[in-house]
Amino acid sequence: MASDTVTLGMPALGADRDLLLAAPRGYCAGVDRAVITVEKALDLYGAPVYVRKQIVHNKHVVQTLERRGAVFVEELDEVPGGATVVFSAHGVSPAVHDQAEERGLKTIDATCPLVTKVHHEARRFDREGYQILLIGHAGHEEVEGTAGEAPEVITLVETVADVEGLSFPDDTKLSWLSQTTLSVDETMAIVDALREKFPQLEDPPSDDICYATQNRQLAVKEISEGADLMIVVGSANSSNSVRLVEVALEAGAKASYRVDDVTEIREEWLEGVDKVGVTSGASVPEDLVEGVLAFLNERGFPTATAVHTAEESLIFALPPELRRDLRAAGQPA
């Protein structure tokens, strides 16, 4: 696989065909932490270890963990009393924590720390008497978890069009928060519309869209301009992967498709195509990307040139309850 590096902003070198590989791509720190959490829990406690919802939104990751003994459930009433259950990287509401305690479940909270930050912000705004406008997608686990922190004061806003239907008294204290995996540009368009309608709107103390989501979108923008085709590796329920397809088209790619793996690529997508970009969502193992690159190499595309737009070095510690048990067992935490 890859790769020479080109300087940001420079065109990729190549005779007739170009294959550009976005960097960064794939696993973010929160996903890496969540997957390792389930793996170490299986090693430490033995199978089965239950996981509420998909630990991350990637079907291949879920299937791999299932083969090791993880059991994925939709709700806690599917978990036997006293069993070990891991909460996914997307976070859960306080009601879910309460239910787990009532049922005597041993819980390990693998919520991404950047999602936890948004939960903290929701609780703080609630304590300070704000109405909170939560930008996100209805039904997404992260949105449900965040909304559950302050359900009486949170209003979901999905699109700019939703802003027109909002109404609050002039003296209402208003703030906004967002799902961490949204399109940066779309989110800021909604924020601009909210601010125009509600001048008193207050920002969160820091940007809610996670660093990895932003970095992957910036990388896609860089390699999409002039691309005949952008291939995004990621599952259909992965919000950040779906957004990457949209970002690629907005940035100038002539076509952009999301695939779970190489088997979903259609030969007709490559007809008349000379410049291809490849990236992957934040919950995608690198071997799935390597499969796509090999497929393209076999069809006459050169070795991929990696286009670096950011360096990522962030690492999150494992959940404290798991670290405690690992240390007690004499294992590295």
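## The three-stranded sheet

Let's start with a pair of strands: S7, residues 131-135, and S9 run alongside each other in the parallel sense, joined over five bridges. Everything described here comes from a predicted model. In this pairing, Ile-135 stands opposite Ser-178 of S9. Helix H4, residues 113-127, packs on the sheet and touches S7, S8 and S9. The direction of H4 makes about 165° with that of S9. Helix H7, residues 184-197, also lies across S7, S8 and S9, and runs at about 150° to S7.

Stepping back to the sheet as a whole, its three strands follow the order S8-S7-S9, the pairing is parallel and the sheet is open. Strand S8 (154-157) and strand S9 (174-178) are at the edges with a single partner strand each, so one side of each has no neighbour in the sheet. On average, neighbouring strands here are turned by 30° against each other, direction ignored.

## The four-stranded sheet

A second open sheet has four strands in the order S4-S3-S5-S6, again with parallel pairing. Its edges are strand S4 (70-73) and strand S6 (106-109), each of which pairs on one side only. For neighbouring strands of this sheet, the average turn against each other is 30°, direction ignored.

Within this sheet, strand S5 (residues 84-87) pairs with S6 in the parallel sense over four bridges. If you would like a landmark for that pair, look for Phe-87, which stands opposite Asp-109 in S6. Helix H1 lies across strand S3 (49-52), S4, S5 and S6, and runs at about 150° to S6.

## How H1 meets H2

Besides lying across those strands, H1 packs against another helix. Generally, a packed pair of helices is described by the angle between the axes and the distance between them. For helix H1 (residues 29-45) and helix H2 (residues 59-68), the angle is about 5° and the axes are 10 Å apart. An angle under 35 degrees counts as roughly parallel, and H1 and H2 are therefore roughly parallel to each other.

Which residues make the contact? From H1 come Val-35, Val-38, Glu-39, Leu-42 and Asp-43, while H2 supplies Val-61, Leu-65 and Arg-68. Sorted by class, the contact of H1 with H2 has five nonpolar and three charged residues, with no polar ones.

## Three annotated cysteines

UniProt, in an unreviewed entry, lists Cys-28, Cys-112 and Cys-210 under "binding site". These cysteines span 183 residues in sequence, yet no two of their C-alpha atoms are more than 10.0 Å apart, so they gather at one spot. The lining of the largest cavity includes Cys-28, Cys-112 and Cys-210.

Where along the chain is Cys-28 found? Cys-28 belongs to the loop between strand S2 (18-23) and H1.

## A second annotated set

The unreviewed UniProt entry also gives the annotation "binding site" to His-57, His-90, His-140, Ser-238, Ser-239, Asn-240 and Ser-283. From this set, the largest cavity has His-57, His-90, His-140, Ser-238, Ser-239, Asn-240 and Ser-283 in its lining. The lining of that cavity also takes in the cysteines Cys-28, Cys-112 and Cys-210.

One of the histidines, His-140, can be placed relative to the three-stranded sheet: His-140 lies in the loop between S7 and helix H5 (141-147).

## Backbone details in the loops

Some backbone features are worth a look while you have the structure open. Ala-23 and Pro-24 are joined by a cis peptide bond, with omega of about 10°. Pro-24 is in the loop between S2 and H1, and Cys-28 is found in the loop between S2 and H1 as well.

At the other end of H1, the loop between H1 and S3 holds Pro-48. A cis peptide bond links Pro-48 to Ala-47, with omega of about 0°. Further along, Lys-53 has a positive phi of about 65° although Lys-53 is not a glycine. This lysine, Lys-53, sits in the loop between S3 and H2.

Key: Residues are numbered from 1 along each chain as its sequence is written. This is a predicted model: local features need pLDDT of at least 70, side-chain atom pairs count only at pLDDT 80 or more; totals for chains, interfaces and linings use all residues. Side-chain values use heavy atoms; hydrogens and water are left out. Axes are lines fitted to C-alpha atoms, for helices over the stretch in contact, and angles run from 0 to 180 degrees between N-to-C directions. Helices (H or I, at least four residues) and strands (E, at least two) are DSSP runs, numbered from the N terminus. Angles under 35 degrees count as roughly parallel, over 145 as roughly antiparallel, 65 to 115 as roughly perpendicular and the rest as oblique. Contact means heavy atoms within 4.5 Å. Ala, Val, Leu, Ile, Met, Phe, Trp, Tyr, Cys and Pro count as nonpolar, Asp, Glu, Lys and Arg as charged, and the others, Gly among them, as polar. Two strands pair if DSSP finds at least two bridges between them. UniProt positions are given in the numbering used here, feature names are shortened, and annotations may be inferred rather than shown by experiment. On a 1 Å grid over the protein atoms alone, a cavity is a set of points where a 1.4 Å probe fits but cannot get out, and a pocket is an open set with protein on both sides within 12 Å along at least five of seven lines; lining residues have an atom within 4 Å of a point.
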